[in-house]
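The following exercises are to be worked with the sequence and the coordinates at hand. Each task is followed by a solution in steps.

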Amino acid sequence: MPPIPCQRHLFDIPGDVAYLNCAYMSPVPSAARDAGSRGVARKSSPWTIRPVDFFTGSERARELFAELIGATADDVAIVPSASYGMAVAAANLPVRAGSRIVVLAEQFPSNVYAWRELAGARDAELVVVARPADGDWTRAVLAQIDERTAIAALPHCHWTDGGIVDLAAVSARLRHVGAALAVDATQSIGAWPFDVRRIDPDFAVAATYKWLLGPYSLGFLYAAPRRHQGMPIEHNWIARLGSEDFAGLVNYRDAYQAGARRFDVGERSNFALMPMAIASLEQILSWSVAAIAETLGATTRQIAERAARLGLTSVPADLRAPHFLGLRFASGVPRGLPERLAEANVFVSVRGDSLRVTPHLYNNEADIERLFRVLAAAV
């Protein structure tokens with residue numbers, strides 16, 4: 001698969017800025033920014049917003065996200081955050097006293113707190129899988145799954161350094177013992193293939209503001225068909241059957257809209273954020289996630305090889321998501337390094353003991369050279 005050429009022209013990034021921090025927050029493509037601006041402007045003329053408009057945008061976004069992950073629109077709920085999606089999962093997955101919920105050490109908090117609360121409420125055990133010395137998270141997770149396991153709540157890749165979890169292998173083991181899988185894929189969907197037909201999660205959530213190149217305060221929740229009859233965590237008007245009939249909203253309905261729509265957040269129709277998400281999803285699909293992953297994988301391998309010559313280490317490429325890189329220093333991240341990088345207009349993150357470098361298609365060779373000028377002076 002040929003690499004995608006640099007797409008910086010589609011973003012509003014100054015030439016002297018090396019933004020290698022997509023895992024923190026992506027810039028939105030200019031087309032998404034403009035779509036959001038048009039959406040904001042609509043609020044100044046609310047008489048132009050018709051009842052049907054509360055449904056068309058969100059349905060288009062739902063369809064696009066479903067296409068991205070191999071699902072159907074009926075499988076997708078619109079949520080405001082990863083934590084909201086995990087709250088839905090926690091409210092709908094059975095946990096009995098004495099059972100176990102498996103999470104990773106140093107996992108992102110939005111996929112930990114809900115499970116800590118659930119374990120405490122059900123007198124279950126939260127099992128924290130320690131970081132494996134050999135970097136093989138999949139082996140470490142599989143070793144913790146047995147007949148006591150009720151849920152594994154996992155990422156697709158670790159948010160600090162990109163260490164991967166083979167979710168298909170984990171899912172097969174969970175099904176064998178009768179347990180469920182909840183996935184926070186915020187750090188992978190959009191940049192690394194995620195196919196629900198292969199992975200078969202019960203729930204999987206992705207916020208849009210990272211690798212989906214979308215706005216903050218919006219996300220998508222996949223709910224497997226076997227979970228479509230679950231209970232939402234809020235009760236809003238638009239998730240109920242017949243909500244398209246505004247005049248009939250006083251005729252309260254117990255039935256829900258089809259599929260995962262029952263889990264939609266209230267005011268899901270956001271007329272500024274939804275057009276942004278649609279524009280970005282369309283752009284990602286036009287590139288293709290497989291091509292994005294291949295292109296970013298070549299970039300992170302190049303950075304990892306150059307960093308190794310400076311004495312820095314990272315998770316091996318076969319155990320790391322292609323779009324992710326966590327660089328580790330022998331004595332820890334040098335004091336003041338993030339500030340020195342920022343002063344040189346190089347933007348990365350420190351997460352745990354890693355200097356996290358997460359490029360996207362808007363990065364070029366000049367960005368990488370700018371990064372290494374600072375790193376070379378720091379080691």
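**Exercise 1. The chain as a whole**

What radius of gyration would a compact globule of 379 residues have, and what value does the chain have?

*Solution.* The model is a predicted one, in which local features need pLDDT of at least 70, side-chain atom pairs count only at pLDDT 80 or more, and totals for chains, interfaces and linings use all residues. Residues are numbered from 1 along each chain as its sequence is written, and side-chain values use heavy atoms, with hydrogens and water left out.

Step 1. The radius of gyration is taken over C-alpha atoms, and the globule rule is 2.2 Å times the number of residues to the power 0.38. For 379 residues a compact globule would have a value near 21 Å; the chain has 21 Å, which agrees.

Step 2. The C-alpha trace spans about 70 × 55 × 40 Å along the principal axes of the chain.

Step 3. Of the 379 residues, 58% count as buried. Here buried means under 20% relative accessible area, exposed means over 50%, and partly exposed lies in between (1.4 Å probe, protein chains only).

Step 4. The accessible surface of the chain comes to about 15800 Å², and 54% of this belongs to carbon and sulfur atoms. Such areas come from the Shrake-Rupley method with a 1.4 Å probe; for residues, only the protein chains shown count as cover.

Step 5. Among contacts (heavy atoms within 4.5 Å) between residues at least 6 apart in sequence, 75% join residues at least 24 apart.

**Exercise 2. Strand 5 and its partners**

Determine whether strand 5 is enclosed, and identify the strands that pair with it.

*Solution.* Step 1. The chain has 11 helices and 12 strands. Helices (H or I, at least four residues) and strands (E, at least two) are DSSP runs numbered from the N terminus.

Step 2. In strand 5 (residues 149-155), seven of the seven residues are buried, so this strand is largely enclosed by the rest of the structure.

Step 3. Two strands pair if DSSP finds at least two bridges between them. Strand 3 (residues 100-104) runs parallel to strand 5 and is joined to it by three bridges, while strand 6 (residues 180-184) pairs with strand 5 in the parallel sense over five bridges.

Step 4. Ala-152 of strand 5 stands opposite Val-102, and its bridge partner in strand 6 is Leu-181.

Step 5. Strand 5, helix 6 (residues 167-177) and strand 6 form a right-handed β-α-β unit. A crossover is right-handed if, with the strands pointing away from the viewer, the path from the first strand over the helix to the second runs clockwise.

**Exercise 3. Helix 4 and its crossover**

Which residues of helix 4 are buried, and which exposed residues does the face turned away from the buried side carry?

*Solution.* Step 1. The buried residues of helix 4 (residues 113-122) are Ala-114, Trp-115, Leu-118 and Ala-119. They cover an arc of only 130° around the axis, which puts them on the same side of helix 4. The arc is that of the directions from the helix axis to the C-beta atoms.

Step 2. Tyr-113, Glu-117, Gly-120 and Ala-121 are the exposed residues on the face turned away from the buried side.

Step 3. The cover over the buried residues of helix 4 includes helix 3 (82-92), strand 3, strand 4 (125-129), strand 5 and strand 6.

Step 4. Strand 3 and strand 4 pair in the parallel sense over five bridges, and Val-127 in strand 4 is the bridge partner of Val-102. From strand 3 the chain passes through helix 4 to strand 4 in a right-handed β-α-β crossover.

Step 5. Just after helix 4, Asp-123 takes a positive phi of about 55°.

**Exercise 4. An open sheet**

What is the strand order of the open sheet of three strands?

*Solution.* Step 1. The order is 9-12-11, with antiparallel pairing. Strand 9 (326-327) and strand 11 (349-351) stand at the edges, each with a single partner strand, so one side of each is left without a neighbour in the sheet.

Step 2. Strand 11 pairs with strand 12 (residues 354-356) in the antiparallel sense over three bridges; Leu-355 in strand 12 is the bridge partner of Val-350.

**Exercise 5. Two partly exposed residues**

Describe the surroundings of Arg-175 and Leu-241.

*Solution.* Step 1. Arg-175 lies in helix 6 and counts as partly exposed at 44% relative accessibility. Leaving aside neighbours within four places in sequence, Arg-175 is in contact with Ile-199 and Asp-200. Arg-175 and Asp-200 are 25 residues apart in sequence, with 9.4 Å between their C-alpha atoms.

Step 2. Leu-241 is placed in the loop between strand 8 (219-223) and helix 8 (273-287), and at 36% relative accessibility Leu-241 counts as partly exposed. Not counting residues up to four places away in sequence, Leu-241 touches Arg-253, Ala-255, Tyr-256 and Gln-257.
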